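The exercises below are meant to be worked with the sequence and the coordinates open side by side. Each one sets a task and then gives a solution in steps.

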Amino acid sequence: MHPSERIKHIKDISIELAKEDWALLDLTLKQFGLPWSEQWNGGDKEHYIIEMLSDSKDEALLELAKHLGLASQLESPVEPDFWETDEVRIFLSHLAINKVETSKLKEHLEYYGMSAFVAHEDIEPTKQWQAEIESALASMDGLVALLAPGFKESNWCDQEVGVAIGRKLPILAIRQGLDPYGFIGKYQALQGVGKSASELANEIFELFLPMPNIGAKITGSLVNKLVNSQSFEQSKRLIGLIRKSTYLTSKHAAVLNEAIENNEQISHSWGVPEQIKQIAKQFES
């Protein structure tokens with residue numbers, strides 16, 4: 001389980017479980033094989049729970065979160081290996097007949113710090129495909145529905161969108177010959193007909209970036225990509241994208257400043273160091 005996921009689960013569990021009295025609280029921890037103590041002088045119930053869960057095993061932590069209704073039943077403690085490390089996870093819900101166009105979109109989303117899951121190419125032939133799709137749905141940060149004729153009739157596509165709705169994740173619909181319908185109709189939609197994968201990837205980025213529950217993650221992904229930039233051109237492109245974000249923090253600024261010293265593809269890229277310093281000035285007290 002990724003550290004950020006552990007932190008979220010521990011925080012959510014501490015808030016929910018603290019509503020119970022001490023006896024039931026400890027009983028619950030015991031039943032899930034988690035630490036508990038008869039003596040506690042460290043503060044309120046929430047602090048007690050956080051302390052007890054801080055070194056818990058992923059499996060027990062996740063099972064408790066599921067028991068309390070705080071985690072999807074699809075979620076697994078095993079980190080999927082098909083996502084790119086430290087990138088935003090986007091599930092591309094599509095029909096098999098559109099696999100070529102979807103694969104191209106996946107490639108272009110990578111330029112924006114988004115790792116996309118495309119079932120037909122990201123699932124190894126030896127693995128159970130349904131289990132892998134469930135794992136992707138449980139660990140995604142957002143979903144893009146590629147609405148082509150036949151999407152509405154596909155049980156799989158409808159279920160994939162349903163999981164995203166149930167998890168309250170950002171959803172974007174792309175019209176590829178079919179208008180948004182039902183629950184999808186209330187989410188933002190893009191016109192996809194006649195647009196290249198590059199154009200769509202840019203529009204998806206522009207719509208996701210301002211969203212509070214995914215924009216911060218995209219910002220972090222882009223900062224990480226810039227820190228590890230391998231060319232002057234890549235550095236210029238990434239700093240331009242980063243400056244569009246409203247979720248930059250002093251930590252991001254510090255990391256970028258340090259990258260100027262450690263990466264010549266940044267320090268020698270015309271205009272990039274100056275733009276990083278402009279970002280840093282926003283956080284000077």
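**Exercise 1.** At its relative accessibility, does Phe-117 count as buried or exposed, and what is the value?

Solution. The model is a predicted one, and the values used here are computed from it. The relative accessibility of Phe-117 is 0%. Buried means under 20% relative accessible area, so Phe-117 counts as buried.

**Exercise 2.** Classify the ring pair formed by Trp-83 and Phe-117, and state which parts of the chain the pair ties together.

Solution. Begin with the search of the whole structure, which finds 5 aromatic pairs. For the rings of Trp-83 and Phe-117, the centres are 6.0 Å apart and the planes stand at 50°. Planes under 30 degrees apart count as stacked and those over 60 as edge-to-face, so this pair, falling in neither class, is tilted. Next, locate the partners: Trp-83 is in the loop between helix H4 (58–67) and strand S1 (88–93), while Phe-117 belongs to strand S2 (residues 114–117). The pair therefore ties together parts that are 34 residues apart in sequence. Finally, check the burial of the other partner: with 6% relative accessibility, Trp-83 counts as buried. Elsewhere, ring pairs link Trp-22, Trp-40 and Tyr-48 into a cluster.

**Exercise 3.** Describe how helix H10 packs with helix H11, and work out which residues make the contact.

Solution. The geometry comes first: H10 (residues 212–227) and H11 (residues 232–242) pack at an angle of about 155°, and their axes are 9 Å apart. Because angles over 145 degrees count as roughly antiparallel, H10 is roughly antiparallel to H11. The crossing in which H10 passes H11 is left-handed. From H10, the contact is made by Leu-222, Val-223, Lys-225 and Leu-226, and from H11 by Ser-235, Leu-238, Ile-239, Leu-241 and Ile-242. Sorted by class, this contact has 7 nonpolar, 1 polar and 1 charged residues.

**Exercise 4.** Which residues do Leu-238 and Ser-235 touch, leaving aside residues up to four places away in sequence?

Solution. Take Leu-238 of helix H11, which at 0% relative accessibility counts as buried. With those sequence neighbours left aside, Leu-238 touches Tyr-111, Leu-222, Lys-225 and Leu-226. For one of these partners, Leu-226, the separation from Leu-238 is 12 residues in sequence and 6.0 Å in space, C-alpha to C-alpha. Then turn to Ser-235, also placed in helix H11 and likewise counted as buried at 0% relative accessibility. On the same basis, Ser-235 touches Leu-226, Ser-229, Gln-265, Ile-266, Ser-269 and Val-272.

How values were computed
Residues numbered from 1 in each chain as written. Predicted model: local features only at pLDDT ≥ 70, side-chain atom pairs only at ≥ 80, totals over all residues. Heavy atoms only, no water. Axes fitted to C-alpha atoms, helices over the stretch in contact; angles between N-to-C directions. Helix = DSSP H or I, 4+ residues; strand = E, 2+ residues; numbered from the N terminus. Parallel < 35°, antiparallel > 145°, perpendicular 65-115°, else oblique. Left-handed = near helix turned anticlockwise from the far one by under 90°. Contact = heavy atoms within 4.5 Å. Nonpolar A, V, L, I, M, F, W, Y, C, P; charged D, E, K, R; others polar. Phe/Tyr/Trp six-rings, centres within 6.5 Å; stacked < 30°, edge-to-face > 60°. Buried < 20%, exposed > 50% of the residue type's maximum accessible area, 1.4 Å probe, protein only.
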